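Welcome! Take a moment to look over the molecule shown here, and then we will walk through a few of its parts together.

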Amino acid sequence: EEKTKSAIQEHAALIRKVSAERIRDELEKILSHHTCRNAMYELEALGLLENVLPEISVAKLQFRKTWEQTLRGLRALSQYQREEPIAFAWALVMLPTFRLLSIEKREEEALAFGKRLKFSHETAQVMAYLVRETPKFRDAFSMREATLLRWMREPHFELLMRFHELEAAAFDGNLAGLEFVKSIYPEARRRFEMKALITGDDLVKLGMSPGRQFSEILRSVEDLALEGKLRSSDQALEFVLQNYVK
């Protein structure tokens, strides 16, 4: 209704008097609805966006393409059929804005954003994880095998794969890294379940004294086991004797 629209535009800044929790809850209702893209567009047209999501508004002024990418992400989200934690939606909406930052700053800003809108600790951490980790799929081909496998062992990795599939399809269509990871993920999961070949007790039995080097040795052994280069406890102990025991 035109008079309501005009009143909202005139008094949009007053929404800053509303609690962060209320604004967060209303925005999450928007993100959970299939009309989320249109709703975000209306927030911008009514002058509310700069007051409830100033991060996106500032990024839009800096780089118009960021706004277009935000709307594309929302379109993808509106068509997504699977139910995910709300951190998934927040990460997708905020990713174009956070992309303007250095990789080192993205997680920091994601956590600051979560703090401003009073996210739960879990939601803020998962959103920051998705924002921080999704670019790594582009580097999957060049990662050391053990590094790649450790990454794939992280608790929210399957959520990250689904997130990257949606965000990549929405933003640049580059799914090569994801397809590579998917192809080796079943075998990787089998390796995750392997029992440690040696423990700190085994190192003590070799006459070694507990200390910082223990962590280095055990990590090296685990890396080689993940890569399939050590397959038994005897092989692991032989590796330690040859490389660490004088």
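Which exposed residues does the face of H8 turned away from its buried side carry? They are Glu104 and Lys115. Please keep in mind as you read that this is a predicted model.

**Helix H8**

Let us stay with this helix for a while. H8 covers residues 103–116, 14 residues in total. From its first C-alpha to its last it reaches 21 Å, close to the 20 Å expected at 1.5 Å a residue. Arg106, Ala110, Phe113 and Gly114 are buried in H8. Viewed down the helix axis, these buried residues fall within an arc of 95°, so they line one face of H8. Their packing partners are helix H5 (54–62), H7 and helix H9 (121–133).

Follow the chain a little further and you come to Lys118, in the loop between H8 and H9. Lys118 has a positive phi of about 60°, although it is not a glycine. Is Lys118 buried or partly exposed? Its relative accessibility is 44%, and because buried means under 20% and exposed means over 50%, Lys118 counts as partly exposed.

**The nonpolar cores**

Phe113, one of the buried residues of H8, also leads us into the largest nonpolar core. This core has 59 residues, and those touching the most other members are Leu53, Trp90, Phe113, Met152, Phe157 and Val181. H7 provides the largest share of the core, with ten residues. A second, separate core has 14 residues, among them Ile198, Ile217, Val221 and Phe239. As a general background, nonpolar side chains tend to be buried together in soluble globular proteins.

Which residues is Phe113 in contact with, leaving aside its neighbours within four places in sequence? The list is Leu53, Glu55, Trp90, Met94, Phe98, Phe119 and Met127.

**Glu84 and its partners**

Our last stop is Glu84, in the loop between helix H6 (64–79) and helix H7 (86–98). Its relative accessible area is 16%, so Glu84 is buried. Not counting residues up to four places away in sequence, Glu84 touches Leu159 and Arg162. The side chain of Glu84 also makes the polar contacts listed here.

| Side chains joined | Polar contact |
|---|---|
| Glu84 and Tyr80 | 2.7 Å |
| Glu84 and Arg162 | 2.7 Å |

Arg162 therefore appears twice in this part of the tour: Glu84 touches Arg162, and a polar contact of 2.7 Å joins their side chains.

Note on methods. Residues numbered from 1 in each chain as written. Predicted model: local features only at pLDDT ≥ 70, side-chain atom pairs only at ≥ 80, totals over all residues. Heavy atoms only, no water. Helix = DSSP H or I, 4+ residues; strand = E, 2+ residues; numbered from the N terminus. Buried < 20%, exposed > 50% of the residue type's maximum accessible area, 1.4 Å probe, protein only. Polar contact = N/O pair within 3.5 Å; in protein donor to acceptor, adjacent residues only side chain to side chain. Contact = heavy atoms within 4.5 Å. Core = buried A, V, L, I, M, F, W, Y, C linked by side-chain atoms within 4.5 Å. Expected span 1.5 Å × (residues − 1). Arc of directions from axis to C-beta.
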